[in-house]
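Reader: I keep meeting words such as "oblique" and "compact" and would like to see where they come from. Could we go through them together with a structure in view?

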Amino acid sequence: MANNGAVGYDLVVVGTSWGGLAALRTLVAGLPGDFQMAVALVQHRHKESDHLLRTLLQERTALEVCEVEDKMPLQHGRIYVAPPDYHTLVEPGHFSLSTEAPVRFSRPSIDVTFQSAADSYGHRTVGIVLTGANADGSAGLRRISDRGGMAIVQDPSTAESALMPAAAVKAVPRARVMELSDMVKFVAQLPAGDPERDER
Amino acid sequence: MALPVTDGEPLAGPPHAYNADLEHLEIELLLEGVYRHYGFDFRSYAFASIRRRLWKRVEGEGLRTISDLQARILHDPDAMERLLLDLSVNVTAMFRDPTFYKEFRARVIPLLRTYPFIRIWHAGCSTGEEVFSMAILLEEEGLYDRARLYATDINDVVLQRAKQGIFPLDRMQEYTDNYIKAGGTRSFSEYYTAKYDGALFSPSLTRNIVFSQHNLVTDRSFSEFHVIFCRNVLIYFDKTLQNRVHTLFYDSLVTFGVLALGSKESLKFSQYEPCYEKLSPTEKLYRKVV
């Protein structure tokens, strides 16, 4: 995948932990019904948590929300939730899961998803770090930014827990820092590509 | 070229000035070299995970590039051994996904009671946590004496560990919780003795387990089975290889035999979906019907 012919963004990856549910609900509620990118959400949660997160998000959006299963294709206009107790990796055109050891005590690890998204979608990736109580996501957001993707961080002073966004801003000084409602509007108007074109 | 700095843990990733095509080429060459020199075929593994593990090994060896790692493993079999562990060890637990075992008791055990003798294959058993879980479950259901469990893995090191039946003592609390949620009918501590920092499981549990090396990528079927467990193994394969292994499983199951996959794996994205019916609305238990 050469870094040429920027035709828009294919994939939005979002990472959060503490306080994430409310933020995620706001985020998905603000996406338009004809949103053209694939959206992958990684929230730290207990390994035995059920489908509640998916249900609570689906209540707030007309876009289809599904929990990732291995080799599930990435399609535009869909919202994917990383399942508990697995890492979710992004491949060109689909997801792969892994039970490798937790990274910084987390499985799913936001860094693992972000890094693989950056490696597979490069400059066509948007990475977003929201509220959270640890530093997961920083290294991954850095990778997205290094590959020419868009890095966005929730303004730490407006986040329920400032630690994760503050760490992300420190790791990626050029990240755009925004309050949640501005962020939703900003993402909604970004030009979209096609996440399925790379399937191989 | 230095790795991007992170606080604490290494980044497990490629250097800064990044060329995706070059990285692809280096990984392909390394995997080709491993296959031609050592015979282990990782060429059809899911790419993102392979890339992650290779970069972790690059860092672990104190090297800079995937090509550096290629040179080292081709010339140093010990380095290859370390890489093999990185590539094949997957982190599991006894009674992982307790609801799965509960469903297995409810939906599969009644089917197994109809057979005079039961052959079960644990494909990609890693360090054996799941095999021991199944031995315990069958023991409690009174079926273990007519069962044989074939536990296979590509990696002989993990098989030797599985054979010992020793698991970390500090995980017994978690396993006990899992066991109870899975519908266990006894006290979990009956099954092991604490020894130093390990829990040694009762040798009688291994009386009907056969451990042997088997490579899902290159080896063929070796029997007909009533149940095949392959949970969270296929996730490391790409779609082409997944389909090949599904052919192997299909050919190795008796008619009405049961295929058990991991809870986030699905036949939906494979060509074998029409050959099976779902046995459970919630767990990935499938019965071969045609």
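Reader: Why are H4(A) and H5(A) called oblique to each other?

Author: Happy to explain! This is a predicted model, and in it helix H4 (residues 138-146) of chain A packs against helix H5 (residues 163-171) of chain A at an angle of about 40 degrees. Angles under 35 degrees would count as roughly parallel, and 65 to 115 as roughly perpendicular. The angle falls in neither range, and H4(A) and H5(A) are therefore oblique to each other. Their axes lie 9 Å apart, and H4(A) passes H5(A) in a right-handed crossing.

Reader: Which residues make the contact?

Author: From H4(A) come Ser138(A), Ala139(A), Leu141(A) and Arg142(A), and from H5(A) come Ala167(A), Ala168(A) and Ala171(A). By type, the contact residues split into 5 nonpolar, 1 polar and 1 charged.

Reader: How many helices and strands does chain A have?

Author: Chain A has 6 helices and 9 strands.

Reader: And what makes chain A as compact as a globular protein of that length?

Author: Set the value beside the rule: for 200 residues the globule rule gives 16 Å, and the radius of gyration of chain A is 15 Å, which is close, so chain A is as compact as a globular protein of that length. Its C-alpha atoms fill a box of roughly 40 × 35 × 35 Å along the principal axes.

Reader: What share of the residues in chain A is buried?

Author: Buried residues make up 56% of the 200; to count, a residue needs 20 or more other C-beta atoms within 10 Å of its own.

Key. Residues are numbered from 1 along each chain as its sequence is written. Chains are lettered from A and ligands numbered from 1 in the order in which they are written. This is a predicted model: local features need pLDDT of at least 70, side-chain atom pairs count only at pLDDT 80 or more; totals for chains, interfaces and linings use all residues. Helices (H or I, at least four residues) and strands (E, at least two) are DSSP runs, numbered from the N terminus. The radius of gyration is taken over C-alpha atoms; the globule rule is 2.2 Å times the number of residues to the power 0.38. A residue is buried if 20 or more other C-beta atoms lie within 10 Å of its own, exposed if 12 or fewer, and partly exposed in between; C-beta atoms are placed from the backbone. Axes are lines fitted to C-alpha atoms, for helices over the stretch in contact, and angles run from 0 to 180 degrees between N-to-C directions. Angles under 35 degrees count as roughly parallel, over 145 as roughly antiparallel, 65 to 115 as roughly perpendicular and the rest as oblique. A crossing is left-handed if the near helix is turned anticlockwise from the far one by less than a right angle, and right-handed if clockwise. Two residues are in contact if their C-beta atoms, placed from the backbone, lie within 7 Å. Ala, Val, Leu, Ile, Met, Phe, Trp, Tyr, Cys and Pro count as nonpolar, Asp, Glu, Lys and Arg as charged, and the others, Gly among them, as polar.
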